Amino acid sequence: MSTSNFDFAIIGAGAAGLHLALAMCEDPYFCHKRILILEKLVKDQNDRTWCFWEKGNGLWDEIIQQSWSKGEFFHKEKRVSLSLSPYRYKMLRSIDFYEYAKRKISASSQFQWVEEDVQEVVNGDPIQINGLRSFYTAEMVFDSRIPTDFIKAEDSYTRILQHFKGWVIKTDYDAFNSDRFTMMDFRLIWPESTSFTYVLPLNKREALIEFTLFTSSLLQKNDYEVMLQSYINDILKIQEYEIVEHEQGLIPMSDFPFENYSVGNHIRIGTGGGWVKPSTGYSFKNCERNSRKLIANIKLNKQPNDGLIKMKFRIYDILFLDVLYRQNYRGPELFNIMYTKIPVQTIFAFLDDQTSFKQDLSIMFRFPWTPFLFSVVKKISHIWNKS
Ligand SMILES: Cc1cc2nc3c(=O)[nH]c(=O)nc-3n(C[C@H](O)[C@H](O)[C@H](O)COP(=O)(O)OP(=O)(O)OC[C@H]3O[C@@H](n4cnc5c(N)ncnc54)[C@H](O)[C@@H]3O)c2cc1C
């Protein structure tokens with residue numbers, strides 16, 4: 001049993017926990033603090049690929065696998081060329097991020113990394129963390145476990161699953177244009193659904209190809225592979241290839257109020273803190289941004305998660321998610337409007353919660369109003385019925 005009290009404890013060394021730990025490593029404020037990391041896994045597997053966009057150089061450039069300044073979007077017979085400058089779309093293997101973070105953390109004496117499966121966090125002063133092996137105490141806890149209410153609750157929140165399967169395939173001839181990636185290709189979809197394929201070429205002969213759905217329920221295991229195979233054969237016209245890696249994943253897209261589960265100095269982070277953008281499933285850059293915001297707040301003696309959620313963008317997310325939930329078949333049409341009528345730079349700024357209200361209006365006017373108005377009315381009546 002451990003009796004030592006830590007200044008900070010981070011539960012979960014995934015994207016959010018490691019972004020936070022790395023930001024603490026770099027900040028002299030945390031130099032003499034005692035920081036505990038509790039992680040149940042060894043984190044020695046490449047369990048996901050993260051993609052994100054950013055302007056110019058970024059913090060992870062030395063470990064990214066590939067990046068592009070050009071992309072493509074496909075809908076029916078239409079191909080839209082996306083020129084991203086000043087942004088680049090970057091791809092990072094999770095194992096490279098885990099190893100990079102472990103190297104930095106092990107070189108910083110204020111950290112203690114313990115393999116532990118956390119069972120319970122008891123709020124108090126200090127906060128007690130009960131694990132399978134031992135218990136620990138800390139003044140402030142950052143917790144990346146997903147609140148159990150999200151998994152079991154019967155409530156009125158919208159839940160969509162972003163689920164996908166991908167293969168890294170290799171050909172013995174030049175089959176890919178490695179200077180551009182495919183953001184979304186709606187030429188092959190699962191019937192009546194928001195589903196698409198994206199292609200991330202690593203070089204002229206290798207690419208990660210993922211078939212993705214934003215729907216309420218999963219497909220049969222074999223269905224993802226049938227769709228991938230069909231995309232590769234019929235759309236990319238590649239008949240001979242070798243599958244060298246697999247990736248499968250599930251990301252919750254929801255308006256569930258994860259932030260309400262942060263209490264006092266027990267702060268939820270990552271997916272469990274609502275850091276996944278509900279309308280897109282992206283969260284890698286949010287983990288970076290939010291970790292830095294948490295640190296800035298701690299240094300100013302403010303509530304750590306103050307200002308993390310921007311209400312205006314949360315409302316847009318809730319409405320978009322509700323439209324996808326009710327009229328899932330409309331996804332291809334809505335994303336087609338997005339990528340054909342709005343400059344990609346504006347889309348990225350909007351999805352990063354960084355557009356002005358005037359820009360938001362110019363985006364909204366591109367979309368059909370009826371489904372969104374219906375969602376507004378539905379959500380207001382939910383709030384009304386609750387009060
Ligand atoms: C396959 C896949 C691909 C994705 N691709 C992208 C992408 O391209 N771009 C993007 O922006 N987002 C992407 N996401 C979404 C999101 O970025 C990731 O899910 C991200 O890893 C979420 O960060 P997190 O820290 O909340 O969770 P995780 O990275 O899953 O980390 C949580 C950590 O907590 C540990 N843990 C859980 N419970 C306990 C416990 N009881 N005790 C101790 N440790 C515990 C887990 O072992 C894990 O290491 C992807 C997600 C998946 C699954």
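Where is the place of P126? P126 sits in the loop between strand 9 and strand 10, and we will come back to that loop once you have the whole chain in view. Keep in mind as you read that this is a predicted model.

Let's start with the overall picture. The protein chain has 10 helices and 17 strands. Its radius of gyration is 22 Å, close to the 21 Å that the globule rule gives for 387 residues, so the chain is as compact as a globular protein of that length. Measured out along the principal axes, the C-alpha trace spans about 65 × 55 × 40 Å. Buried residues make up 37% of the 387 residues. The contacts tell you how the chain folds back on itself: among those between residues at least 6 apart in sequence, 72% join residues at least 24 apart.

Now for the sheets. Strands of a sheet pair through backbone hydrogen bonds, either parallel or antiparallel. One open sheet here is formed by seven strands in the order 6-5-13-14-15-12-16, with mixed pairing. Its edge strands are strand 6 (78-83) and strand 16 (242-254), each of which pairs on one side only. On average, neighbouring strands of this sheet are turned by 20° against each other, direction ignored. Inside the sheet, strand 12 and strand 15 run antiparallel and are joined by 10 bridges. If you would like to find a pair of facing residues, look for K170, which stands opposite E206 in strand 15.

Another open sheet has three strands in the order 3-7-4, and its pairing is antiparallel. At its edges are strand 3 (49-55) and strand 4 (66-68), each pairing on one side only. The twist from one strand to the next averages 20°. Strand 4 and strand 7 (residues 87-93) pair over three bridges, and Q66 stands opposite M91 in strand 7. Helix 2 (residues 94-106) packs on this sheet, where it touches strand 3 and strand 7, and its direction makes about 80° with that of strand 7.

Helix 4 deserves a slower look. At 1.5 Å a residue, the 15 residues of helix 4 (residues 221-235) should span 21 Å, and its end C-alpha atoms are indeed 21 Å apart. Which residues of helix 4 are buried? They are Y224, M227, L228, Y231 and I232. Seen down the helix axis, the buried residues fall within an arc of 130°, so they line one face of the helix. A general rule helps here: an α-helix has 3.6 residues a turn, so residues three or four places apart point the same way. The face turned away from the buried side of helix 4 carries the exposed residues N222, N233 and D234. On the buried side, helix 4 packs against strand 12 (159-170), strand 14 (195-203) and strand 15 (206-215).

Take L228 as an example from this helix. L228 counts as buried because it has 21 C-beta neighbours inside 10 Å, and 20 or more are needed. Not counting residues up to four places away in sequence, L228 touches K165, W167, I209 and F211. The C-alpha atoms of L228 and E210 are separated by 7.1 Å, with their positions 18 residues apart along the chain.Just after helix 4, K237 takes a positive phi of about 60°.

That brings us to some backbone details. Most residues other than glycine have a negative phi, and most peptide bonds are trans. K76, in the loop between strand 5 (70-75) and strand 6, has a positive phi near 50°. K76 is exposed, with 9 other C-beta atoms within 10 Å. N301 is not a glycine either, yet its phi is positive, at about 65°. You will find N301 in the loop between helix 5 (284-299) and helix 6 (311-326), and with 6 C-beta neighbours inside 10 Å it counts as exposed.

Cis peptide bonds come next. One joins S85 and P86, with omega about 10°, and P86 lies in the loop between strand 6 and strand 7. Another takes us back to the opening question: the peptide bond from D125 to P126 is cis, with omega near 5°. Around P126, strand 9 (residues 118-122) and strand 10 (residues 127-131) run antiparallel, joined by four bridges. V118 has G131 as its bridge partner in strand 10. The link from strand 9 to strand 10 is a hairpin of four residues, and P126 has its place in that loop.

How values were computed
Residues are numbered from 1 along each chain as its sequence is written. This is a predicted model: local features need pLDDT of at least 70, side-chain atom pairs count only at pLDDT 80 or more; totals for chains, interfaces and linings use all residues. Helices (H or I, at least four residues) and strands (E, at least two) are DSSP runs, numbered from the N terminus. The radius of gyration is taken over C-alpha atoms; the globule rule is 2.2 Å times the number of residues to the power 0.38. A residue is buried if 20 or more other C-beta atoms lie within 10 Å of its own, exposed if 12 or fewer, and partly exposed in between; C-beta atoms are placed from the backbone. Two residues are in contact if their C-beta atoms, placed from the backbone, lie within 7 Å. The expected span of a helix is 1.5 Å times one less than its number of residues. The arc is that of the directions from the helix axis to the C-beta atoms. Two strands pair if DSSP finds at least two bridges between them. Axes are lines fitted to C-alpha atoms, for helices over the stretch in contact, and angles run from 0 to 180 degrees between N-to-C directions.
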